[in-house]
Amino acid sequence: MDHDALSFDRHPRVRLLAGPTPIQRLERVEAALGPALQGACLYAKRDDADTLGGGGSKLRKLEFLFGEALSQRADTIVATGARQSNSARLAAAVAARLGLRCEVVLRPLPDGAGHRNGKDDEQTGNVLLGELFGATIHAAADAAAAGRCALERRAALEAAGRSVYLLPAGASSARASLGYADCAFEIAAQERASGLRFDRIVVANGSAGMQAGLVAGFALQGRPGLVHGYSVLAEAAAAEAHTLEFAREAHHLLGGHGELHADDVRVSDAFRGPGYGHLTHEAVEAIRLLATQEGLLLDPVYSGKAFAGLLSQARRGEFTRGEHVLFIMSGGAPALYAYRESLSDPRH
Ligand SMILES: *Cc1c(COP(=O)(O)O)cnc(C)c1O
């Protein structure tokens with residue numbers, strides 16, 4: 001379906017991106033991979049480009065969530081996330097830009113997740129930035145406690161006369177996915193302008209909103225099965241189920257015809273490692289490769305693991321000759337600072 005025939009405009013939105021994010025070829029990574037790549041071409045879409053709050057994939061999702069918040073006349077945003085949450089950092093930045101208050105409830109990263117447990121590293125990166133953006137930060141013992149704390153904060157703020165919008169976990173929901181459904185049309189426009197056509201799009205999958213939006217957006221353009229996700233959080237089957245649910249609902253919100261099929265959603269958990277926030281050797285290698293060959297920053301929690309998956313597929317000769325592969329650079333570099341010890345450890 002054509003973009004104009006879809007109901008993007010029916011959903012309130014706040015523009016947070018300056019315009020389309022650039023797509024660039026990764027020639028030096030291609031050269032480093034050598035013959036295993038079999039002539040496939042690698043590209044990065046720079047959704048990490050710094051437009052607001054340090055940039056990152058959450059901005060596209062927050063365009064629709066803050067749109068809803070403003071349409072409900074909210075004056076205060078309450079967000080939850082793991083320590084080093086990019087969505088909490090960006091929620092704080094967007095709230096600052098829009099003149100709203102923001103409170104953030106953070107749960108700890110799992111023990112032994114590769115970051116140092118010292119106070120300094122816990123306060124750095126996204127936590128430091130969230131504070132600079134003016135958010136009030138609360139610490140909770142675990143995910144359940146964080147959920148309770150967020151509800152308590154909402155009740156207390158409402159009792160004090162404020163109007164609160166609670167962001168969904170990871171800033172993911174079907175509505176949030178509309179930002180990435182639109183991104184699928186942005187990519188198609190960039191293809192038309194450049195004469196390129198992508199055969200495969202690779203993304204990290206955390207709370208599933210980014211992949212779901214892309215799946216819905218490409219399905220609406222008659223290009224199913226294009227998007228490959230690497231889960232950093234849930235097991236593959238659960239990630240696929242979440243992604244399909246959001247994608248179907250986003251497709252519906254846009255007035256799409258027909259059904260999305262379960263096999264349009266492809267998620268691997270082979271590069272997740274021991275779990276969310278646990279840095280893996282493969283991710284460290286991917287982060288170092290992109291940094292040293294292209295001067296670009298992946299992040300330790302999401303895109304580093306997804307790019308490690310892409311590299312492994314390339315090395316196993318799984319890309320076909322001439323295939324065009326687009327990797328979504330989703331941001332998250334501030335979390336690198338919290339993993340300083342592991343990233344500077346030569347044993348990794
Ligand atoms: C949140 C995030 C993702 C994953 O997006 P989801 O919509 O949660 O699946 C990927 N990369 C970065 C840097 C993120 O912050």
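**Briefing: ligand site and aromatic pairs**

The ligand occupies the space that forms the largest cavity. The model is predicted. The protein buries 99% of the 380 Å² that the ligand exposes when taken alone. The points below cover the shell around the ligand, the polar contacts and the aromatic pairs.

**Shell around the ligand**
- Around the ligand there are 17 residues, of which Lys-58, Lys-61, Gly-206, Ser-207 and Ser-330 come nearest.
- By character, the shell comprises four nonpolar, ten polar and three charged residues.
- Helix H2 (58–71), strand E7 (200–205) and helix H8 (209–219) are the elements that each give two or more residues to this shell.

**Polar contacts with the ligand**
- Lys-58 places a polar side-chain atom 2.7 Å from an oxygen atom of the ligand; the residue falls within the range of helix H2 (58–71).
- Gly-206 contributes a polar backbone atom, which is 2.7 Å from an oxygen atom of the ligand.
- For Gly-209, a backbone N or O atom is found 3.1 Å from an oxygen atom of the ligand; the residue falls within the range of helix H8 (209–219).

**Aromatic pairs**
- The count of aromatic pairs comes to five.
- One of them joins Phe-8 and Phe-185 in an edge-to-face arrangement, with 6.0 Å from centre to centre and 85° between the planes.
- This pair links distant parts of the chain, 177 residues apart: Phe-8 belongs to the segment before strand E1 (23–25), whereas Phe-185 lies in helix H7 (residues 174–194).

Definitions and conventions:
Residues are numbered from 1 along each chain as its sequence is written. This is a predicted model: local features need pLDDT of at least 70, side-chain atom pairs count only at pLDDT 80 or more; totals for chains, interfaces and linings use all residues. Side-chain values use heavy atoms; hydrogens and water are left out. A residue is near a molecule or strand if one of its heavy atoms lies within 4 Å of it. A polar contact is a pair of N or O atoms within 3.5 Å; within protein, one must be able to donate a hydrogen and the other to accept it, and residues adjacent in sequence count only if both atoms are side-chain atoms. Accessible areas come from the Shrake-Rupley method with a 1.4 Å probe; for residues, only the protein chains shown count as cover. On a 1 Å grid over the protein atoms alone, a cavity is a set of points where a 1.4 Å probe fits but cannot get out, and a pocket is an open set with protein on both sides within 12 Å along at least five of seven lines; lining residues have an atom within 4 Å of a point. A molecule sits in a cavity or pocket if more than half of its atoms lie within 2 Å of its grid points. Helices (H or I, at least four residues) and strands (E, at least two) are DSSP runs, numbered from the N terminus. Ala, Val, Leu, Ile, Met, Phe, Trp, Tyr, Cys and Pro count as nonpolar, Asp, Glu, Lys and Arg as charged, and the others, Gly among them, as polar. Rings of Phe, Tyr and Trp (its six-membered ring) pair if their centres lie within 6.5 Å; planes under 30 degrees apart count as stacked, over 60 as edge-to-face and the rest as tilted.
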